[in-house]
Amino acid sequence: MKGSIQIIKLFNIPVLVHWSFGLLSLFVLYQGYSNGLSVEGTLWLGLFVLSLFVCVVMHEFGHALTARKYGVETRDIILLPIGGVARLDKLPEKPLHEFLVAIAGPAVNIAIALLLSPVFFLPFINLDLSSEGGINAQNFIPLLLMLNVFLALFNLIPAFPMDGGRILRSLLSMRLGRVRATQIAAIIGQIFAVGFVLLSIFSLGSPMLALIGVFVFLNAWQEARSVKMNTLLDETKLVDIMRTRFTSLHPHDTMHSAISIVEMGLEYNFIVRNEVGQSIGILHHEFIKEAMSERDANAPVAVYMSKHYERMKAQDSVRYAATRIQSNGYSIIPVEENGKLVGVLDMQTIHDFLKENK
Ligand SMILES: [Zn+2]
């Protein structure tokens, strides 16, 4: 995410902090100090913010490491002012796995709270949390414990992107399928979001809560949309959307033939095939432009074609193809059926398909 810096890498997962999170921490410290906290009190407050930070990171690793157990990697963990986000590569396939991944985060906070609970039996602990003077050695651990309970409960609110939203979706998915389950979970999430905003306006007056409400509302909508899109991409096969009218080139053709088709503005990337009709390479638009600028129109296609491409099967899913195209930068890929070239696919075809199904 833009504006984030990596602070550490654990279990091979980068942990990033968004600048606004750092700013918020500084602001909290500044507020404490300017409201008459002693230097010692400010240090305790700083330590508390740092501990909160560690608890949030541990919460996110609860998600990430559980996801890894079910074969889903985590790109990174980002800390934002509204909480942490573990960005998983994809959703766990099975609803039960999604349930376990989602609940693992709050479970970490409950575990931390339980581990801290023996502290209540220590004689010097001050349980009067309302006492003046802010955070100190006496109330530090009890406050941290309560904060972890709060983090667990807050995250269990059944609204995306909170864990509770995912837990709800996974439970509904077991009966309804993921698309329907997400739609219902998203609606419930949006009801909560509106509730947050109303609560913030009419009683608590907390702008943070209103902000979270807006964030939750947009996220619920986004989640429903992306699940619907991904399911569509999973269920659609290449044979359903591939382009069957296309020009293919021969390695002995001159670049001139490619250039003239490009100049007509109909096709920009080409499949190169041999005598028996099998694809042996692709010719990117960039390479054709290069040949044009080098005035190399008489060179054979074989000189410019790239062998870095993949053949896909007509029955492969559009999602699989789109991921491969995007991550490898293919401009075009041949689609084959029983070893025969039957169509081509490029990003434009996929975009057009997505536009039609918006
Ligand atoms: Zn979580």
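Welcome to the tour! Start with the whole protein in cartoon view: you have 13 helices and 10 strands to explore. Keep in mind that this is a predicted model. The radius of gyration is 28 Å, well over the 21 Å that the globule rule gives for 358 residues, so the protein is more spread out than a compact globule. Along the principal axes, the C-alpha atoms fill a box of roughly 90 × 50 × 40 Å.

**Stop 1: colour the domains**

Give residues 1-155 one colour for domain 1, residues 157-235 another for domain 2, and residues 239-356 another for domain 3. How far apart are the C-alpha centres of domain 1 and domain 2? They lie 22 Å apart. Where these two domains touch, domain 1 contributes 10 residues and domain 2 contributes 12 residues.

Now select α3 (95-116) and α4 (140-155), which each supply at least two residues of the side of domain 1 that touches domain 2. Which element gives the most to that side? It is α3, with seven residues. Sorted by class, this side of domain 1 has seven nonpolar, two polar and one charged residues.

**Stop 2: strands in domain 1**

Stay in domain 1 and select strand β2 (residues 13-18) together with strand β3 (residues 74-80). Are they parallel or antiparallel? β2 and β3 pair in the parallel sense, over three bridges. To see one of the pairings, show L16, whose bridge partner in β3 is I78.

Next add strand β4 (residues 83-88), which pairs with β3 in the antiparallel sense over six bridges. Show L80 and then look across to β4, where G83 is the bridge partner. As you look at strands, here is a handy idea: in a regular strand the side chains alternate between the two faces of the sheet.

**Stop 3: from domain 2 into domain 3**

Select helix α7 (residues 207-235) and helix α12 (residues 318-328). When two helices pack, they are described by the angle between their axes and the distance between the axes. For α7 and α12 the angle is about 100 degrees, and the axes are 5 Å apart. The two helices are therefore roughly perpendicular to each other.

Show the residues at the contact: N230, L233 and D234 on the α7 side, and V318, R319 and A322 on the α12 side. By class, this contact has three nonpolar, one polar and two charged residues.

**Stop 4: a three-stranded sheet**

Move along to the open sheet whose strands run in the order β5-β6-β7, with mixed pairing. Which strands are at the edges? They are β5 (248-249) and β7 (279-283), and each of them pairs on one side only. Select strand β6 (residues 270-273) with β7, and you will find antiparallel pairing over four bridges. Show F270 to trace one of these pairings: its bridge partner in β7 is L283.

**Stop 5: another pair of helices**

Select helix α9 (residues 255-264) and helix α10 (residues 285-293), which pack at an angle of about 110 degrees with their axes 10 Å apart. That angle makes α9 roughly perpendicular to α10.

Which residues make the contact? From α9 come M255, A258, I259 and V262, while α10 brings H285, I288, A291 and M292. Try colouring these side chains by class: seven are nonpolar, one is polar and none is charged.

**Stop 6: one more sheet**

For the last stop, pick out the open sheet in the order β8-β9-β10, which also has mixed pairing. Its edges are β8 (312-313) and β10 (340-346); each has a single partner strand, so one side of each is left without a neighbour in the sheet. Now select β8 with strand β9 (residues 332-337): these two pair in the parallel sense over two bridges. Finish by showing K313, which stands opposite E336 in β9.

Terms used
Residues are numbered from 1 along each chain as its sequence is written. This is a predicted model: local features need pLDDT of at least 70, side-chain atom pairs count only at pLDDT 80 or more; totals for chains, interfaces and linings use all residues. Axes are lines fitted to C-alpha atoms, for helices over the stretch in contact, and angles run from 0 to 180 degrees between N-to-C directions. Angles under 35 degrees count as roughly parallel, over 145 as roughly antiparallel, 65 to 115 as roughly perpendicular and the rest as oblique. Two residues are in contact if their C-beta atoms, placed from the backbone, lie within 7 Å. Ala, Val, Leu, Ile, Met, Phe, Trp, Tyr, Cys and Pro count as nonpolar, Asp, Glu, Lys and Arg as charged, and the others, Gly among them, as polar. Two strands pair if DSSP finds at least two bridges between them. Domain bounds come from an automatic or database domain assignment. The radius of gyration is taken over C-alpha atoms; the globule rule is 2.2 Å times the number of residues to the power 0.38.
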